[in-house]
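Here are some notes to read alongside the structure. They take one topic at a time.

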Amino acid sequence: YYIDRVKRRDWWYWNNPSNTVAVGNGCGGIVAIALRHCTPSSAEAVDLGVDAIMERYRGIAEDGGCVEGNLYWDYGFTYQLMFGVALENATGDDRGLLSQPRYEKTPDFVKTQLGGAGRMLVFNDTQPWLTGVGVSALFGGRLDDDLLRWFADETVAAAANQTTRVFTRPQFYSLAFRVRDAKPAPAQFPGVPTVAYLPTLNWGVLRSDEQAWKQGLVVGVKGRDGATTHHAQEDLSGFTLDARGEALLIDPGYYQGNADKHSLPLIDGAGPNRRGRALIEDATACQDWRTMTVDASDAYKDKAERMRRVLVMHKDEAVIVLDDIVPKAGGRITHHLQCGTPANIDQGDASAAVVQGNQTWLTVRLFGPSVSLSCDGPLDFDRSWVYAEEETTWYRLSGEYTAEQGKPLVTVLLPHNKDTAAPEVTCEYKSKEIRVKLPGGETVVFAETATGWKSAAPNEQER
């Protein structure tokens, strides 16, 4: 059956260049190895499985990231790894299934996927959980990587103690226990870079500090380039925000692919093309400052000459987002923020709102063009099951405005203790310059250049 399906280029095994290729051929190959002493055609089946995966499975990019997101990093890629481990154990040769140069960059994917609420970021078709236990256990040993060892152990502990939702399959745990090397993981979270991004996939993250795992401030940034599959979403230039261990601005995940389900702008009613390009640039960390820009002009090219988002983080105090949009016509912009907790509009200022977490609130302030926020919710997660099962409340803040030359929308996001007054922040627009003064006295400076708005280098920021 398996040989026939592959030779016929069956969708599951060949024609769909996504996780199904690894799943179908990984399973077929494992069965063939198990039957190699009693089934003459097993060698042919193994060859077909290896060739199909090596030629057709596009799941892992050159930067080590999983094209389809962290759910299929676990679900699809792990079947390939189980096949590779079985082949190596049986013959001494993994035939490339475990040893491609891009697999050596597996730690980089984890560095860009760890959020600030003790879970992974939710980009593409996935959910808010921990996943990839078999992948992490295998490459933690093969690469001698402490972060992967720690993450594999953390995921197993979370599943055993039922402290955090975990996605995996029983056979993936079996792989993890089989391949986990004897070297102990660090006793504590080993830390991750404060600015990281995948140069092929263009997914990025900003963190207030290296220990921002269940604390601090973490912003996930979604760009896109390279290969894609049907598990992509209209989320290019979207972002999420975790503060002090709480997910306050979320991506609603699986089955929520439309642009209005993500924290991004609609330009004259249209969001980004999910197969367009959105490239991360100017990603830097200096002292207390983090900055990253995602240029989604290609993804919005039907409606805009330019669509760039400039994000700046200062410590765990604030995140500032400047939307550099030059529309082709019309220029009516709808600004969306997806909230993982209830949100209330400021009754005295409709350009401000508060996202109310359990212990942490997030004040949202909009500056620049005239805009009044509205709030919808709670919204239905539909089949986005983990959010629904955990009774997460999803609210959407939206505001419409007309794009103005020289006056881009600036969104300031300020986490603070619940039931406390919103921190004071001001924003001053000058000729080709914008200055945002934060509550602690620091000033964020943006400058208009020939190629668009940019944040000043951190050492040029004023006190």
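1. Start with a strand pair. Thr-426 in strand β20 has Lys-437 in β21 as its bridge partner. This is a predicted model. β20 covers residues 426-430 and β21 covers residues 433-437. The two strands run antiparallel, and five bridges join them.

2. Look next at the turn. β20 and β21 form a hairpin, with two residues between the strands. One residue in the turn is Lys-432, and its phi is positive, at about 60 degrees.

3. β21 also pairs with strand β22, residues 443-449. Again the strands run antiparallel, with five bridges between β21 and β22. Glu-433 has its bridge partner in β22, and that partner is Ala-447. The hairpin of β21 and β22 has five residues between its strands. Here Gly-441 takes a positive phi, near 105 degrees.

4. β22 comes up again at a pocket. The second largest pocket holds about 260 Å³ of space. Two elements, β12 (318-327) and β22, each give two or more residues to the lining of this pocket. β12 gives the most, with five residues. The lining has 17 residues, and those nearest the centre of the pocket are Ile-325, Val-326, Glu-404, Gln-405 and Gly-406. By class, the lining of the second largest pocket has eight nonpolar, three polar and six charged residues.

5. Now the largest pocket. Its volume is about 570 Å³. It is lined by 30 residues, and the closest to its centre are Ala-117, Arg-119, Gly-245, Glu-246 and Ala-247. The elements giving two or more residues to this lining are β6 (239-243) and β7 (246-249). The largest share comes from β7, which supplies three residues. By class, the lining of the largest pocket divides into 10 nonpolar, 14 polar and six charged residues.

6. How many cavities of 30 Å³ or more does the structure hold? There are two. The largest cavity has about 50 Å³ of space. Its lining consists of Val-67, Asn-124, Leu-201, Trp-203, Lys-222, Arg-224, Asp-225, Ala-227, Thr-228 and Ala-232. Five of these residues are nonpolar, two are polar and three are charged.

7. The second largest cavity has a volume of about 30 Å³. Phe-123, Lys-222, Asp-235, Gly-238, Phe-239, Asp-251, His-262 and Ser-263 line it. Lys-222 is worth finding on the model: it lines the largest cavity and the second largest cavity. By class, the lining of the second largest cavity has two nonpolar, three polar and three charged residues.

8. Last, a helix. Which residues of α10, residues 170-179, are buried? They are Phe-172, Leu-175, Ala-176 and Val-179. These buried residues cover an arc of only 100 degrees around the axis, so they sit on the same side of α10. They pack against three helices: α5 (70-75), α6 (77-91) and α8 (133-142).

9. The other face of α10 is worth a look too. Turned away from the buried side, this face carries Pro-170, Phe-177 and Arg-178, which are exposed. Compare two phenylalanines of the helix: Phe-172 is buried, whereas Phe-177 is exposed.

Conventions: Residues numbered from 1 in each chain as written. Predicted model: local features only at pLDDT ≥ 70, side-chain atom pairs only at ≥ 80, totals over all residues. Heavy atoms only, no water. Buried < 20%, exposed > 50% of the residue type's maximum accessible area, 1.4 Å probe, protein only. Helix = DSSP H or I, 4+ residues; strand = E, 2+ residues; numbered from the N terminus. Arc of directions from axis to C-beta. Contact = heavy atoms within 4.5 Å. 1 Å grid on protein atoms, 1.4 Å probe; cavity = no way out; pocket = protein on both sides within 12 Å on 5 of 7 lines; lining within 4 Å. Points joined across faces, edges and corners; volume = space filled by probe spheres on them. Nonpolar A, V, L, I, M, F, W, Y, C, P; charged D, E, K, R; others polar. Pairing = 2+ DSSP bridges.
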